[in-house]
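Open your viewer and get ready to click along. We will take this tour one selection at a time.

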Amino acid sequence: MRTELTLEQKQQAYTELSDIKANLAARGWFPGTSGNLSVRVGEFTPEQFTFAVTASGKDKSVRSPEDFLLVNEKGTAVEATKLKPSAETLIHCEIYKHTGAGAILHVHTMFNNLVSELYGEQGFIPVQGVELIKALNIWEEDARIEIPVLPNYADIPRIAELVPGAIAARIPGIVLRNHGIYAWGANVFEAKRHLEAFEFLFEYVYRWHLLTK
Ligand SMILES: CSC[C@@H](O)[C@@H](O)C(=O)COP(=O)(O)O
Ligand SMILES: [Zn+2]
């Protein structure tokens, strides 16, 4: 039985999402209405959960009273609303189900697009020995990570099917080729730290590729 969310829980989720949306918008990370954000609300089991997600098609660089809605583990609205959930809500559903994360941030940036294409055929972006890897809570000497890259099918359910197999134990993110990254964490603070680390690493990989070509 799904526990009814309190008004305070909903308001807190919307405030958290508004704040992180404004923060990422200030970096220009939502070009052309791209990007979507979500935070989980209330109790969680892999079979039943609720999250607040950005409404589809909106300009995420502006704040409005109708930016978010609550959806369930199937990605369907849990309250009457005229808003449509993000077109990529099913990807959020799969990430929550298979990681138990508390927040997911999806942005399209020039660096995540270029580097995902550079390594698109390989299926992952290799990074080694860069200090910012520690922001992913990986502290071993000269750590090497492989950031998963998935094909960017037009059919979102087809991408969502690939998500469970792409989630790597210690990498809180997946990239869609020539599209963008989904970074997650236990809460918005952690998801933001991971997103910033990933975007730093993508820029590093891009610039290192140019330097050593
Ligand atoms: C309009 S370009 C970007 C979209 O196709 C999509 O990738 C995206 O990130 C935003 O979709 P949305 O449905 O607004 O959440
Ligand atoms: Zn997208």
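Which residues does UniProt list for "domain: Class II aldolase/adducin N-terminal"? Select residues 15–206: the UniProt record, an unreviewed entry, gives this span for that domain. Keep in mind that you are looking at a predicted model.

With residues 15–206 still selected, switch to a cartoon view. Helix makes up 32% of the span and strand 26%. Now pick the C-alpha atoms at its two ends; they lie 34 Å apart.

Next, select the whole protein and colour it by secondary structure. You should find 5 helices and 8 strands. Follow them from the N terminus, and the order is α-β-β-β-α-β-α-β-β-α-β-β-α. A helix therefore stands at each end of this series.

Now show just the C-alpha trace and turn it around. Along its principal axes, the trace spans about 55 × 30 × 30 Å. How does the radius of gyration fit a compact globule? For 213 residues, such a globule would have a value near 17 Å, and the protein has 17 Å, so the two agree.

Bring back all atoms and look at contacts. Among those with a separation of 6 or more, 64% are between residues 24 or more positions apart in the chain.

Then turn on the surface. About 10,500 Å² is exposed, and carbon and sulfur atoms supply 53% of that area. Of the 213 residues, 46% count as buried.

For the last stop, colour the charged side chains. There are 21 positive and 26 negative ones, and the centres of the two sets lie 3 Å apart.

How values were computed. Residues numbered from 1 in each chain as written. Chains lettered and ligands numbered in written order. Predicted model: local features only at pLDDT ≥ 70, side-chain atom pairs only at ≥ 80, totals over all residues. Heavy atoms only, no water. UniProt positions renumbered as here; feature names shortened; annotations may be inferred. Helix = DSSP H or I, 4+ residues; strand = E, 2+ residues; numbered from the N terminus. Rg over C-alpha atoms; globule rule 2.2 N^0.38 Å. Buried < 20%, exposed > 50% of the residue type's maximum accessible area, 1.4 Å probe, protein only. Contact = heavy atoms within 4.5 Å. Areas by Shrake-Rupley, 256 points an atom, 1.4 Å probe, with all protein chains shown as cover. Lys, Arg positive; Asp, Glu negative; His and termini not counted. Charge placed at Lys NZ, Arg CZ, Asp CG, Glu CD.
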